[in-house]
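I opened my notebook for a fresh look at this one. Here is the chain I had on screen.

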Amino acid sequence: MALLLKLFTFSWLCIYIINAMCFYKDNSTIHLSCDLDDSSTSVSWVISGPNGTITLFHCNTSTCQEVDAMGIEFSAATNLDHDHKHIVNSTLTGVLVNGSMALLRQFTKLHCETENTTVTVCNSFEQYVDPENVTCEPTLVVADILAMDCVINYVFPVASYSINIIADNVSESDNSIIENVCRIVNPSTQMFYLYILDCQLGMNITLLGSGNYQFSITASANVIEPNKLFVQSNIISMPIYDHITSAVCLKPEYDAGNSFLIVTCLAPLTVRDVVCRLNLQTNGTIFHDRFSDSRMSKLIPSENVLNTFAVKCSFDIFTTNLGIGSHQFQVDLSTRNNSDQWVFNTSDWTSPIRYYAQTQINYTVNDHSDGVTVKIGDTVTFYCSSDGFPPPARRLQLDNSPSENVTYFNGTELSFTITNCQQAGIYSCGSFGHLGVNNYIHRSVFVNIKCPQQLYPIKGWKGNRQYVGQVLGKTELDITVIGYPAPSTMFLYKLDHPDQAIVYDKAAVVYRGGDGPYGDIGVIFKDLSLIRTETNFTLKVNNGEGDATFLDFSIQGDNGASVVRASLLALAVSIARALA
């Protein structure tokens, strides 16, 4: 295999002192030099910081005397002019053992000073290490660019890193095949001035040409030591083909949220663009190039069954374009080769997928097909399934609810906790098909909740008014209620005599149970003199669940017809009951 090595450096060279910033690492030897322009006969090495100033060494024309080296193995020396009359240069050397950097970073400046001059050598102390590891992984292929994400763990800010390309087919290429952006993603919290770099690398595969490629990245934070080995990442292998070599279509998947069938077909990655055309076979009849529009993209190995870099054609086919029957799909892929000739490849037919209309629905609540009785705090679980493909959409609805109480199933089960009595009622599961045949089927179950009887707010009432009429010389008022169980006692009172129940020969009260928790309380006035003028009544209902319910209304006969206002007459009722 021929070797094509491309080295691109994306940051500046690392040296010991950069812009008066001094970079060291533990267990390394340092060497600092201070040039003097005056005619000094003595020089001092001084380190300073927020907590004060320390003189490390004092040197004259003959020797250097340690003053306070802070426990670090420092030594100093002086160089004289050729007449040995004054100092022209002073040097400071040392060995940084573990922990020295933590000590040095407490100071902000190191300088040498004479009687007349101060020369700053370091205005800060920083530490660097070599990268611990470098890892790369392909992220995606967009258009003609392969994108790789390489992470360099712990790198000195003045680092060097490069891209290596190995190919079995050496071809002329320039720097435009690589685009690189590196960014700091996580500054280290353990060591100052160390970072994690995230480099996004873009490879232009059309400029690379066909062949079996290997990509990697190398990095080093210590380029000032020529013999230091670079740290190399893992190798990413990628074959790139001159033309389409094979094609395969995956099992179609139905997207219920958008009501279309997704057909995905793959082929190994090619240098040039690929044209995709989908063929359809319905009930044995073949339709060529039925769907030529597709969404094109390119995939990395972990995302596709070919286990290599691949071209992907994805077709979104709406249900209305198919209909009832057995459907199979096949893709025709084509691309131009290096000789600019079209090369074609056709996949096998997919396994049949059958579209059929829904015919039945299975619906239960807490495993009961008719209904259940629960109490506040219980959980109810609705199960609703139906046949047919594409899968029908199913929704749960509380019938006759004064609000739009509709919830769509995500799957076949839906559960919630009973928190109030108004959740009682008849719940319907409606199944909506997509093929225009048996497009809607439904079933209903009831949920009884052990609660006192309450006035049921029928949807569509305006102003809570209800008309009543005469039946066989008697005037009857029907009040729709909801609650469970049925009332055990019911008493009718005139509001101005709350302690005297109206006897049966003047008025009768009956309960007629309906479906589930619903029912009607019928108030039959046999003595019409009770309602000849507007009269306020209260109906006391008790079903053994909690306190009794009081239903208050006013009524007045008018040519055989009466009107009820479902007003609470709140103030008058409260006073009358308090006096009773």
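My entries below run from the overall make-up to one hairpin and then to some salt bridges.

**Entry 1: the whole chain.** I began by reminding myself that this is a predicted model. I then looked up the secondary structure and found three helices and 48 strands. Next I checked burial: of the 580 residues, 45% count as buried. For the surface, I noted about 29,000 Å² exposed, with carbon and sulfur atoms supplying 49% of it. I also looked at how far contacts reach along the sequence. Among contacts between residues at least 6 apart, 65% join residues at least 24 apart.

**Entry 2: a hairpin.** I picked out strand β23, residues 275–282, and strand β24, residues 285–291. In which sense do β23 and β24 pair, and over how many bridges? I found them antiparallel, with four bridges. One bridge I followed by hand takes Leu280 to its partner Phe287 in β24. The two strands make a hairpin with two residues between them. In that turn I stopped at Asn283, where phi is positive, about 50°.

**Entry 3: a salt bridge across the hairpin strands.** Staying with β23 and β24, I saw that the side chains of Arg277 and Asp289 meet in a salt bridge, 3.6 Å from N to O. Arg277 belongs to β23 and Asp289 to β24, twelve residues apart. Are these two side-chain partners buried or exposed? Neither label fits: Arg277 is partly exposed at a relative accessible area of 36%, and Asp289 is partly exposed at 37%.

**Entry 4: further along the chain.** I counted five salt bridges by the rule used here, and I looked at two others among them. The side chains of Arg512 and Asp478 meet at 3.3 Å, N to O. Arg512 lies in strand β43 (residues 507–513) and Asp478 in strand β40 (residues 474–484), so this salt bridge ties together parts 34 residues apart in sequence. I noted Arg512 as partly exposed at 36% relative accessibility, and Asp478 as partly exposed at 30%.

**Entry 5: a loop-to-loop pair.** Which residue does Lys506 form a salt bridge with? I found Asp527, with the closest N and O atoms 3.4 Å apart. Lys506 sits in the loop between β42 (497–501) and β43, while Asp527 sits in the loop between β44 (518–525) and β45 (535–542). The two are 21 residues apart. I closed the page with the accessibility of Lys506, which is partly exposed at 35%.

Key
Residues are numbered from 1 along each chain as its sequence is written. This is a predicted model: local features need pLDDT of at least 70, side-chain atom pairs count only at pLDDT 80 or more; totals for chains, interfaces and linings use all residues. Side-chain values use heavy atoms; hydrogens and water are left out. Two strands pair if DSSP finds at least two bridges between them. A salt bridge is a side-chain nitrogen of Lys or Arg within 4 Å of a carboxyl oxygen of Asp or Glu. Buried means under 20% relative accessible area, exposed over 50%, partly exposed in between (1.4 Å probe, protein chains only). Contact means heavy atoms within 4.5 Å. Accessible areas come from the Shrake-Rupley method with a 1.4 Å probe; for residues, only the protein chains shown count as cover.
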